[in-house]
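Subject: Structure handover

Hello,

Here is the structure I promised to pass on. Please open it first, then read my notes underneath.

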Amino acid sequence: MDTTISFEVNGELKTVTTHPSRPLLDVLREDLGLTGTKYGCGEGQCRACTVLLEGKAVAACVTQIATVENKKVRTIEGLAGGDTLHPVQQAFLDGAGSQCGYCTPGMVMELVAVLNASPNPAEAEVLARLGRHLCRCCNYPNLKRSIRLSLRR
Amino acid sequence: MKNKSDCAMTPDHDPAAWSEGVDAVPFDFGLKRRAFVHLLGTGLMVVFSAPALAQRSGGRGGGASAPSISSRLHFGKDGVITVFTGKVEGGQGARAELTQAAAEELRVEVAAVRLVMADTAQVPNDGITAGSRTTPFTVPAVRQGAAAARELLIEIASRQWTTDRDQLKVQAGAVKDPVSGRSFSYRDLAANDIAVRLLSQPVNAGVQVTPVADWKILGKSTPRPNRRDLVTGAHRFPSDLVRPGMLYGKVLRPPAFGATLTGIDLAPARAMKGVVVVADGQFVGVAAPTVFQARAAIEALAETARWEYVSHPSHQELYGHLEKHAQGGVPANPFPDEISRARKVLREDYHVVYVQHAPLEPRAALAEWEKETLTVSLGTQNPFGCRSELARAFHLAEDKVRVVVPDFGGGFGGKHTGEVGVEAARLARAAGRPVSLRWTRREEFTWAYFRPAALIRIEAGLDETGKLSCWHFLNINSGGAGIETPYQVPHQRSRFVRSQGPLREGSYRALAATANHFARECFMDELAAAVAADPLTFRLAHLQEPRLRAVLETAAQRFGWTDRFARKQPGLGVGLACGTEKGSFVAACVEVAIEPKENRIQVRHICEVFECGAILDPDNTRSQVEGCIIMGLGPALQEEMMFENGEIKNASFQRYRVPRFVDVPELDIHLLNRPDLSPVGAGETPIVAVAPAIANAVFHASGVRVRSMPIRLPA
């Protein structure tokens, strides 16, 4: 039944009492009000729900809340420093990376994870990682532009 | 609330202008129905009589528009300028475009305009956001309203200053008197009683809008006004909305299409803490404090549900089914004499499967009741249509229903209905609290409507000079959009025959124009081959429309068509296609490679030329063209709904593959700007040339004619 789980979200310690197999996505959105992370498929196929778990990109929809106990989660809301956007966010803004924008938070978080792991990744490698993400507006050319802008910053 | 007496019909709302309707779900929650209840074990067993299930409803849109200046614009005493529109933003760029349109005519910066979209309590009814109609209809309406406000500003200033109005001009949101240097702004307008009265008058249809040559804002790229909120996650999509005390809804779905609920035990779900269970006719749903709990409750209900099944054709039986159910039978070719006189006759069938729009944000709605007044916030392309749908379902007057549409996560013609709003509202009424209902991906793949499948039959005759002498084109089931051939043929007839498609059907980006262009442009290629002509030359020999010739010739030239077609390389092929729909013109040239091991088609290069009159926003127009092309690659090459025994077999992104980064070929997109022509929409037509150009390229590469979408070669 319900258990109490503590984890860090965007630098703040959070404690929730909930069913251990609830998806991290639901807890972020429903319990913590962090709706920037999106549901797209519920099975890790579209990656709209990508967040950072200990700095690595995971699909929050297939991450059970029990597995994040005492770990650090970062969501799109925790990226900008006040009014200053994270360089990846700024690149998506400048590169017109959003049409409807529903895939944007997931793509941004994936790219942040890639850049965290290696500051100068090869473009092909980055595109392969982003290749897991869906954009149904098929704004891929502008997304590629936004990714390239991110790599230059 | 806007003044309802301001309303009048505009061409934007003429349901007759639509060739295809959407299959509606006929909810009726207004009347008490006789449900016969008895006990089963410890639980409450409800047994239902069989209801009427899905039936078709024709027509769409409906409603009226408000032509007074104040119904379109509001000038605040704080200087804030608000523009109202019934259009929605689902990623296509209407918010930026309509903001541009208002700013241009008001002579203010884009940032000075706040656009309120699709809140039925505030905005005029601009019709459904579909059919590429925002650009040709709503942009002019907004421009006229804004131009009328600008003229009024000049009028009031000239009266106050007794200055000849011809001396006065609006710049940066204010009229300046060149003599005295006095200034009168939109902010002053708000405080002027005469102005307030005049603003409530109808917009003079003859008001002068800014000529293209003088555009300062229109014609230039304008980024999305709310782009910052999209990259920070601050924007609230319909599925992100939250209210105090809100519950999360979930609906019990039948295990198969057409299945009827004959009995269910509600008790186990009712015993769950915090769960509200609703059973009303065939509708069974729950509302719970979390999605997780709602799902658990639905799973408990599903275990006890008893269903009566009906037989349902599978995707393998699709085309036989469509032909068999063609309404009035399959009509004969009306040109038997021309056929018998023809030098050559070709006759082929083309098939197009069912596909889903699969917007990244599934349908979502938040419903709130306040006594007998209902507010529903949801992702839909049809706010006023949804208001009617809700009013009908709950037997309410339309003014008791408010529909609000936050900018949402993609529509593509797939969100013309409000079923998720009706479901949320039914749950909220029972719960006595706001309810948010968010469809899952599986529900979206199964219970949203599909792009209709098509069986297309074409027969054409060629004369001794190698020109088309007669043409008979039948679209069975999928629709009449783009069905008329743009080619010159002395005897021609193109018609759409309705059938009984086995799945719920509705609109999709470009409607049936994609299927009709696929069949026509592939068949034109076959005809060209039959007379050993270059497909480009053959088309041009039958084309008079200068705008279509222009895009085709430009594309062929940019692509280097003539050389590449003649210089055939092993494993590679080139193909082209063109067409016109909704007032715009498109041509595409494509190169494909056939991967020899698995006979897989790889699209390597697409050159597309598009013309939609005067371009309002070059960057967004290009994005729409790119989006159309890449989205179109899905149904062209791989998307197909599989169904059997009334069940969708591939209701997930894992089993229903849509285009990803890796699928994007080299793109050469060229927009032909025609500032001398009225702007029309760009979000649909660019999709229609993609599939036929690929199929034609596959023939060029492999010698195999693939007459079905998705285009696949046997492995």
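Below are my notes on the interface and the cavities. Keep in mind that this is a predicted model.

The interface

Chain A puts 51 residues in contact with 49 residues of chain B. The area buried between the two chains is about 4100 Å². Carbon and sulfur atoms give 59% of that area. On the chain A side, A:Gln99, A:Tyr102 and A:Arg136 supply 19% of what chain A buries against chain B, more than any other three residues.

Two salt bridges cross the interface. The side chains of A:Lys38 and B:Asp240 meet in a salt bridge at 2.4 Å, N to O. There are also 19 residue pairs in polar contact across the interface. Five helices of chain A, α1 to α5, each supply at least two residues of the side that touches chain B. The largest share, six residues, comes from α5(A). By class, that side of chain A has 23 nonpolar, 17 polar and 11 charged residues.

The cavities

The structure holds five cavities of 30 Å³ or more. The largest has a volume of about 610 Å³. Its lining counts 42 residues. B:Gln92, B:Ser132, B:Gln624, B:Ala682 and B:Gly683 lie nearest its centre. α2(B) gives the most to this lining, with four residues. The lining divides into 16 nonpolar, 21 polar and five charged residues.

The second largest cavity has a volume of about 60 Å³. Residues of both chains line this cavity, including A:Gln99, A:Cys100, B:Arg224 and B:Phe408. A:Gln99 is also one of the three residues named above for buried area.

Best wishes

How values were computed: Residues numbered from 1 in each chain as written. Chains lettered and ligands numbered in written order. Predicted model: local features only at pLDDT ≥ 70, side-chain atom pairs only at ≥ 80, totals over all residues. Heavy atoms only, no water. Contact = heavy atoms within 4.5 Å. Buried area = accessible area lost by both parts, 1.4 Å probe. Salt bridge = Lys/Arg side-chain N within 4 Å of Asp/Glu carboxyl O. Polar contact = N/O pair within 3.5 Å; in protein donor to acceptor, adjacent residues only side chain to side chain. Nonpolar A, V, L, I, M, F, W, Y, C, P; charged D, E, K, R; others polar. 1 Å grid on protein atoms, 1.4 Å probe; cavity = no way out; pocket = protein on both sides within 12 Å on 5 of 7 lines; lining within 4 Å. Points joined across faces, edges and corners; volume = space filled by probe spheres on them.
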